[in-house]
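Trainee: Hey, I've just opened this one and I'm new to it. Can you walk me through a few spots?
Mentor: Sure, let's pull it up.

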Amino acid sequence: MGTESIEDDEQLRRMKLEVALEVKSLRRIISAYLNYPEAAEEAVKRNERSFERLPPAHKALLCHLPSKFQKLRWCIPKNSFFIFEMLKMFEPPLDMSQDIDICEHELQSDVSDSHLLPGQRNLGPSELPSEDGRVPLLKTDGPNLGDVICRFPKEMRNEQSTETNAGSCGIGLEYKGDEGCPNNEATCSALGCTGNVMSSPPDWLDPSLQLHVPLVDVDKVRCIIRNIVRDWASEGQKERDQCYKPILEELQNLFPHRSKESPPTCLVPGAGLGRLALEISCLGFICQGNEFSYYMMICSSFILNHAQTAEEWTIYPWIHSNCNSLSDNDQLRPVAIPDIHPATAGTTEGFSMCGGDFVEVYSDPNQVGAWDAVVTCFFLDTAHNIVQYIDIISRILKDGGVWINLGPLLYHFADMYGQEDEMSVELSLEDVKKVALHYGFEFEQSSTIETTYTTNPRSMMQVSIASV
């Protein structure tokens, strides 16, 4: 066998391994969403077990708690319904039914031989489906705010999938309520709570394809539910005013004469669920949000592209924490989403969301000098190497371009104990400014604000974050 043939076989083997790991990664994310109702039910049972251990006199004093637990059960399937409707609209960029029984250690060995730094990744075949390396993530037949495009992120690759009590999705569960449940509904299917007959789920949501996932993955789903409030509920308006409003006002001041024929361009790395990017687009910018997390991308695409009306869905985002509640009613209160109808919000043509690692996507030579503005909100501290982030931002801006940053320096990888040599460059604000000056930035203004992040506005504890 010739050398060229051996190299082709090796490349094909690596591509198959990459694709299998991509599928496993996405299955794990989807499984975390589908495990939500069972994990939430287990949390209620844990509360009930604690109650049962109380002395009789204490039980009598807290006799209302069993009713509260039933109300929590009633709320869980309401959240689950939203999650399942969201997943049904998701169009995976890969064949989710393919075999993922592969030798992962072979791929890890190959990657280590390539001398990649933490946070840098080889491109798999799923990331190269077209000439420009991008694939449609979600599309709708109705009004669409813009193409949602992605480079498939391998964000879960190095995490160990350990079986836990979370188990797999309990699609057929029913939760029996009591007279104390909201709206006095007696029963509620775990994944269908509106009384409507649900359409059949796609084949790739078959339970046989799902994975057992650790509870930490389900915690990410709960985090998404809180982020929905921050970006897409009236309750989140205070946080949006604290964080997004100063950015929007600054963009308006810096670009007072925005042309409809040739709108200025703005990139929003770490766009999360997409609200800030949408608001910037509504100001008259060709705006692109960039997000690495598929947890976020699946949800943002559902809201941006599939919401039919404002306040179409109701969720119960605060039921998962019994701490710092003023009352049970506060904890059990519903939140309507979205607070606006995204498709009729008045976005500028060209609004898009790009999924993938910021470093990987925007290191492309075609991105050099492509953007009039870059807006980073609660993003800089997600870097393994913050200097690399600033370097890329400086290169993708046009001459005279503007970088607006708001957020703390709560470095995400600072306390990753147990991870093998996880890279984390943690600079002070003073050092961050020095790095920015090195890359040619000039500071026009700087200020500090206090804000919260995905905080229950009725919680007894309001932790403020200093952002600059």
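Mentor: One term before we start: helices and strands here are DSSP runs, with at least four residues for a helix and at least two for a strand, numbered from the N terminus. Also keep in mind that this is a predicted model.

Trainee: Okay, pockets then. Which element gives the most to the lining of the second largest pocket?
Mentor: That's β11, with 10 residues. The elements giving two or more residues to that lining are α6 (237-254), β11 (397-406) and α12.

Trainee: And how many residues line the second largest pocket in total, and which lie nearest its centre?
Mentor: The lining has 34 residues, and Trp403, Ile404, Asn405, Phe443 and Gln445 are the ones nearest the centre. By type, the lining splits into 18 nonpolar, 10 polar and 6 charged. The space in this pocket comes to about 980 Å³.

Trainee: You mentioned α12. At what angle do α11 and α12 pack?
Mentor: About 35 degrees, and their axes are 10 Å apart. α12 covers residues 429-438, while α11 runs over 386-396. The crossing of the two is right-handed.

Trainee: Which residues meet there?
Mentor: From α11 you have Ile386, Val387 and Ile390, and from α12 Val432, Val435 and Ala436. The residues of that contact count as 6 nonpolar, with no polar and no charged ones.

Trainee: Staying in α11, what is Ser394 in contact with, leaving aside its neighbours within four places in sequence?
Mentor: Tyr439 and Phe441. Closer along the chain, a polar atom of the Ser394 side chain lies 2.6 Å from the backbone oxygen of Asp391.

Trainee: Switching topic: where is the cis peptide bond?
Mentor: Look between Ile337 and Pro338, where omega is about -15 degrees. Pro338 sits in the loop between β8 (335-337) and β9 (352-355).

Trainee: And what about Glu311, is its phi positive or negative?
Mentor: Positive, near 55 degrees, and this is a residue other than glycine. You'll find Glu311 in the loop between α8 (294-306) and β7 (313-315).

Trainee: Great, I'll go and click through those.

Key. Residues numbered from 1 in each chain as written. Predicted model: local features only at pLDDT ≥ 70, side-chain atom pairs only at ≥ 80, totals over all residues. Heavy atoms only, no water. Polar contact = N/O pair within 3.5 Å; in protein donor to acceptor, adjacent residues only side chain to side chain. Contact = heavy atoms within 4.5 Å. Axes fitted to C-alpha atoms, helices over the stretch in contact; angles between N-to-C directions. Left-handed = near helix turned anticlockwise from the far one by under 90°. Nonpolar A, V, L, I, M, F, W, Y, C, P; charged D, E, K, R; others polar. 1 Å grid on protein atoms, 1.4 Å probe; cavity = no way out; pocket = protein on both sides within 12 Å on 5 of 7 lines; lining within 4 Å. Points joined across faces, edges and corners; volume = space filled by probe spheres on them.
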